[in-house]
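Me: I would like to go through this model by question and answer. Can you keep it brisk?

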Amino acid sequence: MSQHAPASGIYLDNNATTMVDPEVVSAMLPFFTEQFGNPSSLHQFGNQVGRAIKQARQQVQTLLGAEHDSEIVFTSCGTESDSTAILSALKAQPERREIITTVVEHPAVLSLCEHLEKDGYRVHYLKVDNKGRLDMQQYMDLLSDRTAIVSVMWANNESGTLFPVEEMALLARSAGVLFHTDAVQAVGKVPIDLKRSAIDMLSLSGHKLHAPKGIGVLYLRRNTRFRPLLRGGHQERGRRAGTENTASIVGLGKACELAMVHMDDETTRGRALRDRLERGILDAVPHCFVTGDPGNRLPNTCNIAFEYIEGEAILLLLNKLGIAASSGSACTSGSLEPSHVMRAMGIPFTAAHGTVRFSLSRYNSEQEIDRVIEAVPPIIAQLRKLSPYWGEDGPVENPEAAFAPAYA
Amino acid sequence: MWDYSDKVKEHFFSPRNAGAVDDANAIGDVGSLSCGDALRLSLKVDPDTEVIEEAGFQTFGCGSAIASSSALTEIIKGMTLDQALNVSNQDIADFLDGLPPEKMHCSVMGREALQAAVANYRGEEWKDDHEEGALVCKCFAVDEVLIEETIRANGLTTVAEVANYTKAGGGCSACHEGIEEVLGRVLADQGKAFDPAAAQPQPAPAAAPASAPGGKLTNLQRIRRIENAIEAIRPNLQRDHGDVELIDVEGKNVYVRMTGACVGCQMASVTMDGIQERIVEDLGEFVRVLPADAPRLAASV
């Protein structure tokens, strides 16, 4: 599959976004030209587009294992799906003023929850342990008839750690509480069968699975009480007004179909490549470790903390060699703190800043992985040479005491 | 990612003076909370002349932190300690052909390491005199702590006032929600409530008839008012080493010339907008403020 890979460069940042599959592009192209009609129109121009959307809806339904295709609501992105789900639950149940989520959610959920706190809602943030795992007892204790919705991600975007959302959804259901999962990192990477689950709502994002940016889905289980975020026309059965993004919907449908085809490959060959990369780096570089829960994570994700150096510097040097990855360092985001996910897991300051996430896709080859394994150790050594925490051949003795700068 | 200048990239990829100086006699260790970056600067100072003979750095930090450290050591080598103390963080940023606003604190860290090293050499204790907070205004690199302190010190109550005192929010205006939050918090501490309506200075429609009863201003009156409005703005510009001069008034077009630091400033157009707003407010009619060298359209008034 590596013949599709971009001409130069090794792309290991697929949790950020993915390349649009060439087959997805060709499926979309007619919808910019001859198939330009509005699917709501009666005439032939619109009619065919309507059929294409119907097919796409079924392709998404198949990948998610949803019982009905009418449970698939197309949105503009994962963030819109998250906001729609959470705000709908609050609107539909005004007497319930509490939300349960986790400290390691994506900002799409966290920022919204923090904002809702200002409006008087009470948000419970489930903590994680040093491997990023939830305390199910804490979760059960919090479920009550005051809870409007539980929103827990299926897989963490930074560490790849999987949460037991199916079990959590069952617990929510038996407590009479709505359950939403932000599954943008999980869809297409792990098998999902929603008809056999108690999940009421699920968000997915096209560009994480080789569809374009600007298209998402909210899965909405039939009979779930719902209040739309956008009202207007009758599109998406009135649950998400606004003229359909037809080309992207068709593209997402195709991408879901391809994800089904490739899932086995990604969980076997892909996982093996990821493990090879991880082993190769851990064997060659001292003072680094895998973050999250290595035994229970996405098959494509590997997050390594390199101690005593800083992530952005690592990324810049990798980028110079044409290798694309991402970091949990504060510096790459312009925020004050290193990644909230790494902090939540209690990763020490000097390591949290040096976390690098490698996230693979079906386009990566073994040769690419071997080149990365070769490239990383000298980069780490080069930066450690500059680090005040690093001596001749290893960290200085008692690094935190040997270098304790005046922080300002 | 970041839009780093070629100079920043060069100093990151090939840092100068990396590593500790052997037999250093001045060491400064500082860190910046806002990025988790930290820097150790080591200097070898000639005890007789106080000339910095060698400078070395060890940095735990991002690309621009490493580049700023490298730049700092290049700048100060050969300087006396007193000369070196005159190096500002802006000098470090300028040496690197600029830093993104989010990364300016890297240059501040460099300057602080220098101060700390000099204090260490002189047997003094260096104390940091400012605290850094989350960056609120990205146009002018103003952080939350500065905004909060300025609001408290000056009893500010509106976003417009915050922009006048700190520049924060004077650019793209995307941070106004953040500024309102800081205002709300500080005012709540003082037992007051933030009033968003007060944040929108209404160019009172009553002002026009009151100032020109029964008719339009004469040309002379108009130009005097425009002059007065510009005079009122000049001190603000002069504080930033800039200035503005009224060149001509042609119908609805007011031509001005920006001078001093305003020339070539990337915020010049924002400044012009501010001047226009002020004149419109004082005049009670719409005018357009244009640079004097703007092509003049055929007068159409």
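Reply: The turns below take a predicted model, first one chain and then the other.

Me: How many helices and strands does chain B have?
Reply: Chain B holds 301 residues. Its secondary structure mixes both kinds of element, and the count is eleven helices and eight strands.

Me: What percentage of the residues of chain B count as buried?
Reply: Buried here means under 20% relative accessible area. Chain B has 301 residues, and the share that counts as buried is 44%.

Me: What share of the exposed area of chain B comes from carbon and sulfur atoms?
Reply: The area that chain B exposes is about 15,000 Å². Of this, carbon and sulfur atoms supply 49%.

Me: How far apart are the centres of domain 1 of chain B and domain 3 of chain B?
Reply: The assignment for chain B lists domain 1 (6-121), domain 2 (135-199) and domain 3 (207-291). Taken over C-alpha atoms, the centres of domain 1 of chain B and domain 3 of chain B are separated by 43 Å.

Me: What separates the centres of the domains of chain A, domain 1 and domain 2?
Reply: Chain A is assigned domain 1 (22-259) and domain 2 (263-400). Over C-alpha atoms, their centres lie apart by 30 Å.

Me: Which three residues supply 31% of the area that domain 1 of chain A buries against domain 2 of chain A?
Reply: Between these two domains of chain A, about 2,200 Å² is buried, and carbon and sulfur atoms give 58% of it. No other three residues of domain 1 of chain A supply more of its buried area than A:Glu158, A:Lys189 and A:His210.

Me: How many residue pairs are in polar contact between domain 1 of chain A and domain 2 of chain A?
Reply: In this interface, 29 residues of domain 1 of chain A touch 24 residues of domain 2 of chain A. The salt-bridge rule finds zero pairs across it. For polar contact, with both residues at pLDDT 80 or more, the count is nine residue pairs.

Me: Is A:Ser365 buried or exposed?
Reply: A:Ser365 sits in the loop between strand S13 (355-359) and helix H12 (366-386) of chain A. Its relative accessibility is 11%. The cut-off is under 20%, so A:Ser365 counts as buried.

Me: How far apart in space are A:Ser365 and A:Ser197?
Reply: In sequence, A:Ser365 and A:Ser197 are 168 residues apart. In space, C-alpha to C-alpha, the distance between A:Ser365 and A:Ser197 is 35 Å.

Methods
Residues are numbered from 1 along each chain as its sequence is written. Chains are lettered from A and ligands numbered from 1 in the order in which they are written. This is a predicted model: local features need pLDDT of at least 70, side-chain atom pairs count only at pLDDT 80 or more; totals for chains, interfaces and linings use all residues. Side-chain values use heavy atoms; hydrogens and water are left out. Helices (H or I, at least four residues) and strands (E, at least two) are DSSP runs, numbered from the N terminus. Buried means under 20% relative accessible area, exposed over 50%, partly exposed in between (1.4 Å probe, protein chains only). Accessible areas come from the Shrake-Rupley method with a 1.4 Å probe; for residues, only the protein chains shown count as cover. Domain bounds come from an automatic or database domain assignment. Contact means heavy atoms within 4.5 Å. Buried area is the accessible area (1.4 Å probe) that two parts lose on being put together, summed over both. A salt bridge is a side-chain nitrogen of Lys or Arg within 4 Å of a carboxyl oxygen of Asp or Glu. A polar contact is a pair of N or O atoms within 3.5 Å; within protein, one must be able to donate a hydrogen and the other to accept it, and residues adjacent in sequence count only if both atoms are side-chain atoms.
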